[in-house]
Amino acid sequence: MTTPTVPRLDVVDPAQLTRIEAVHRGFLFQHLYAARSLLLVPGSNVTRLVVESDEDVEIVRAHHHTYVQVKSRIGKLDGGDVRDALDRFANYRASHADGSRPGSCNFVLASNAAPTPSLARRLCSAEWPADVRIDWPGGPVPADPVTPPPASDLAGALEACKDLASRLPFAALAPETLVWKLAGLVTAASSGTAPRTEHAFRAEELVDLFEQLVLQLQDFPAPPAMYRAQAGEPPLRTESRVRLVVGWSGAGKTAWVAQSSLHSTHEAAYLDIRDVPSTAISSTIARDLAARLHGASGELGRILLPGASGLEILRALDRRRAAEGRELVVVMDNVHGPVPADVAAVVGGAPGMSFVLLTHPGPAAQELAARLRITPEVLGGWTPDMIAAEVSSCGCRADAAACQALMELTGGLPLYVQNAVAIAAAEHDGDLSALCAAIASSTHSTATAQELILAQAIHRLDADARHVLGVLSLCDVPLARGELIEALDEILGAPPSVVASYLRSLRTAGMLEAFGNDRLKVHDAIRLPGRSCLAELGEEARLAAMRSLRGVLKRSMERAWEYPKLRLFLRVLAETDEIDLLIQFGTDEVFHELGLWPEIEGWLFAAAKFHQDPGARFWAMDAIAFHAMRVESPDVSTRLDAMRALVNAHGLGADERLALGMKEMNLLARHGRKVDVLRILDETAATLHESPPHQRIFRYNAAVAFFHLGEHDRAARDAISIADEYFRHLGIDPSSVMGRNPADLYAILRKSDDLIDDCKHLADCLDLFATAANANGRASGNARVHALKFYQLAQSPESLVRVGQDLVDEFVERQDFTGARRVMEDSIFPIIRDLKLAAYVVPVRAQYAVVLAYCGAFDAAESEMSRLMHYESGMDASGRAVLADQRRLIAHLRRAGRLR
C-alpha cells in the first residue's frame, strides 16, 4: 500500500476549505504589499494610498496616478494571468487621456512569481504597453520607491514589512506587532469600513496613525514569541457587543487577546483590573480610557469634567466616539476580582463600546453572565497538532498517541502543556509518552503547574465536595446526571438531593462541564489534581469508588453503548481485578479492532503468567498472541510455544486446539513453510467441530495461509466462496449491498446472536479476496466497497480504516482521485476522529495529503505534510522514510501538474 491520513475534521467540505484558504492567502499577500507601501509613503511625494478601489493598490501623487494589480501565484506568471488586468489598464489610460481623470498614469503588475518565457518575450516586444511594468522577486528594480518588488511568498512579505517597521522610532514595540495591526487596517479600509469609507490613507495622517497604533498596542500584553492558535479560536471582535471568556489560569486567555489584537481591524484598549477596588472600577476605567484615547489631543478637559462620576465620564466618552463613528473594543482582564454588579455597570454605561471580559470560572463568572444575559465562552485549547509542534520545538519526542494523551490530561490548556513538555525534557529524556504514563499512574516526581495552580481552587472546596470531586475525577467520559447521582449515593451514602447540591456547586465552581442530554463530566484539566482528593481518603475508599463506578458503567452501556464508556470500563475492570472478564474481552476480535489493547495489555500478561486456571492462562496468552500477529511482532513463536505447552500439559479441548492451530498455520505460512502448513491443516481439520461457523472460520484461515504462501488464485477463490456462504447465511446476495448504506443494509440482514461476528467474518473474506486478486494483477470489483460496509456494521474500525486506505490506493490506481478523496473524508476520517485511533492519524493524513496533490490541491497537501512534520520525532526510521517518500511524491506532482 502507498500509505500515501485528519484534515481539520470538523470541516464538511475540505475542497471548499482549500479554495477559501487560497483566496485568503491572496488577499493577505495583497494587504501586506499595501502595508509595505504605506510604510514607504512618509517622506515621499505621495498624497494618498488607496486600496481595493479600481485596483488592488493605487498610489496617488499631485499629478500622477499609479495603478497596482497584485498577483499571488503557485507557478509562474503567464499571459492568461495578466490579460484581464491589461484590458482594465487600457480603460484607465483612456480616462486619463480624455481628461475624465486628471494627470498622467502608469501601471504595475506586482507578482510573487517570475513571468513565463513567453510572457518575458512579450515584455521585451514592441507590442507591450510602455506604461505597464511587471515587478517580481529578482526582477528589474523599479525606480518608484513606494512600489518595490514584491516578495516571493507570505513569509517574505511579512519580513519585508518588519524590516521597514523596525526603522521607525518605536523601540518598545515589536515590528511584527505594528505590521500585523497595519495589515488589519488595510483589510478594514478595503471593506470601506469607517473612518475609511473612501478606501484611502492620506499621507499627512500616516505618522500620527503609526504613533496611535503604537500607543494602543503598548497597552496590550506582549504576545508569545511563538503563538499557537487554539482550536476554533475566535477573533477579538465578533457580532456580540459583550463577551465573557472563561478559563483557568493557564488557559491562554491573555495570550489570545494579545495575539488577536494584532490582527483586529478595530481600535482596542486593554485594562487589567485585578487590583482595582470594586468601588473605584468605573472611575478608574473611565479616566484610563480618556487619557489613552484623548490625552494627546489636548481635549481631556472637555471629557474629565470636575465632579463627574466614573460612569458619567464613560458615557461622555461613549457619546464622543459614537459621534465620530469610531468603534472601540475594551478588553477587561481578571474581572473575577471586582463585584460583578460593578463590572456590569461599566458595561451598561457605554452601550456604544464593545467589551471582552476575561475571567476565571466560579460564582462571579456565573453571576456576571446572568447580569449581562450572555453565554460564557471558553477557548478550545491546543489540538494534538499544536501539542506536537510544541513538543518538536522543545527538542522532545512524541507520537500522535502521546499528543492525544497529553491533550486529555491537560485539557489542551497551553500553559499546562508547555509545563508538561518542560518536565518531559528535564526528567524523561524528552519522551512525552513516558511522562504521560507517569502522570496517568500518579508516579511522576515533579508536580505540574496544572496541579499547583488548580490545587488552590480545589482546596477552597469543603471536605465532602472534594470527596465528590475525587470520585468524579475517576471518570473521563460524560455520564447522565442520574448515573452520577446513583454512583455517589452508593459511595457517600447521602440522599440524592444532597448529592445533586454537590454537583451544582462543582459546576458553579467551573469544575464540572455540562453536555447535551443532561450529561456531566469533570473538566479535563481538573481531573489530574482532582484525583488527589480521593487519594487523601486512602486506597480502600478509591477501590470502593471504582467498584461503584464499574456497576454504573455496566448499566450505562446496557442503556447506550459508547466507545469511550467501554474504554473507561476496561480500565475500571483492571483496577478492580476482574481478570476473567478482561480475558474474555481480550479474546474477542472486535475488541482488538477498537484500539483498546493498551488498556489491558499489562493485566493479560499477568494473567497469562499467574492465573490459577490453565484455561484462563491459555486464553490470556491467545489474546496476547493474536495481538502480536496483528502487529507482526517477532515474539509470536514464543507465544505459540507457550500456548502449545499449556494444551499438552493440561489436555485442553477442541476450541483451544483450533485457536492454536490456526495461529500456527498462519505463522508458518508467513515464513513460506508449506509442508508444515499442510501438516497443521490436517491436524486441525481432524479435531474440528462440524458446525458451519467453525468450518467457515477454519477455511478462511486456511485461505489466508495460502495467500501468504503465494497461492493467490487459490486464496481468492476460497475467500469468495466462503463470502458467498456468509451472504446466504445473512439472507442476502452481493446485489443487495449495492446502493445501500450500512444502516439500510442492517435492516435487511437475518438477525442472530452472532450477527456482529458474521458481518466481521464476511468483511474479512471480501478483504482477502480483493487483496489476493490485486496480487495477481486482477481487479477486485466492489469487494472493498462492500467490505467497508460490513466492517462498519461489525464495529471494526481498524479494519475499516485499513481497507479504506487500500480502497483509496485502488481509486488512485485508476485515477479516480475524487472518489479516493471522498472515501477518506466520508468513511475514514470520521472513524479516526470519533474513536481517537491515534496509531492511524499520521499515516492516514499523509495518504490524504498525497490524494490532495493528485486532486491538484498542492498547497493544501504541503500544509498537511508540514503539520505532520512535528510528529516525526516520535516515529521510527521506517515511518520517517515513508513520510519523506510522500513529500517527494507531492513535490513531483506539483512539478508535473495535475494529472487530469
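The following exercises, with worked solutions, concern a predicted model of a single protein chain.

**Exercise 1.** Determine how many helices and strands the chain has, and what its overall dimensions are.

*Solution.* The secondary structure amounts to 41 helices and 13 strands. The C-alpha trace extends over about 100 × 80 × 50 Å along its principal axes. Of the 900 residues in the chain, 51% are buried. The accessible surface is about 39300 Å², and carbon and sulfur atoms account for 53% of that surface.

**Exercise 2.** Establish the strand order of the open three-stranded sheet and identify its edge strands.

*Solution.* The order is β11-β13-β12, and the pairing is antiparallel. The edge strands are β11 (479-480) and β12 (512-515), each of which pairs on one side only. Next, consider the contact between β11 and β13 (residues 519-522): these strands are joined by two bridges in the antiparallel sense. At residue level, L479 has L520 in β13 as its bridge partner.

**Exercise 3.** State how the charged side chains are distributed, and explain why D757 satisfies the accessibility requirement for a surface charge patch.

*Solution.* The chain carries 94 positive and 114 negative side chains. The centres of these two sets are 3 Å apart. On the surface, a patch of negative charge is formed by D588, D753, D754 and D757. Of these residues, D757 lies in helix α35 (residues 755-775). Membership of a patch requires over 30% relative accessible area. D757 has a relative accessible area of 34% and is partly exposed, so the accessibility requirement is met.

Notes. Residues are numbered from 1 along each chain as its sequence is written. This is a predicted model: local features need pLDDT of at least 70, side-chain atom pairs count only at pLDDT 80 or more; totals for chains, interfaces and linings use all residues. Side-chain values use heavy atoms; hydrogens and water are left out. Patches are made of residues with over 30% relative accessible area and no salt bridge: like charges are joined within 9 Å, nonpolar side chains (Val, Leu, Ile, Met, Phe, Trp, Tyr) within 5 Å. Accessible areas come from the Shrake-Rupley method with a 1.4 Å probe; for residues, only the protein chains shown count as cover. A salt bridge is a side-chain nitrogen of Lys or Arg within 4 Å of a carboxyl oxygen of Asp or Glu. Lys and Arg count as positive and Asp and Glu as negative; His and the chain ends are not counted. The place of a charge is taken as NZ of Lys, CZ of Arg, CG of Asp or CD of Glu. Helices (H or I, at least four residues) and strands (E, at least two) are DSSP runs, numbered from the N terminus. Buried means under 20% relative accessible area, exposed over 50%, partly exposed in between (1.4 Å probe, protein chains only). Two strands pair if DSSP finds at least two bridges between them.
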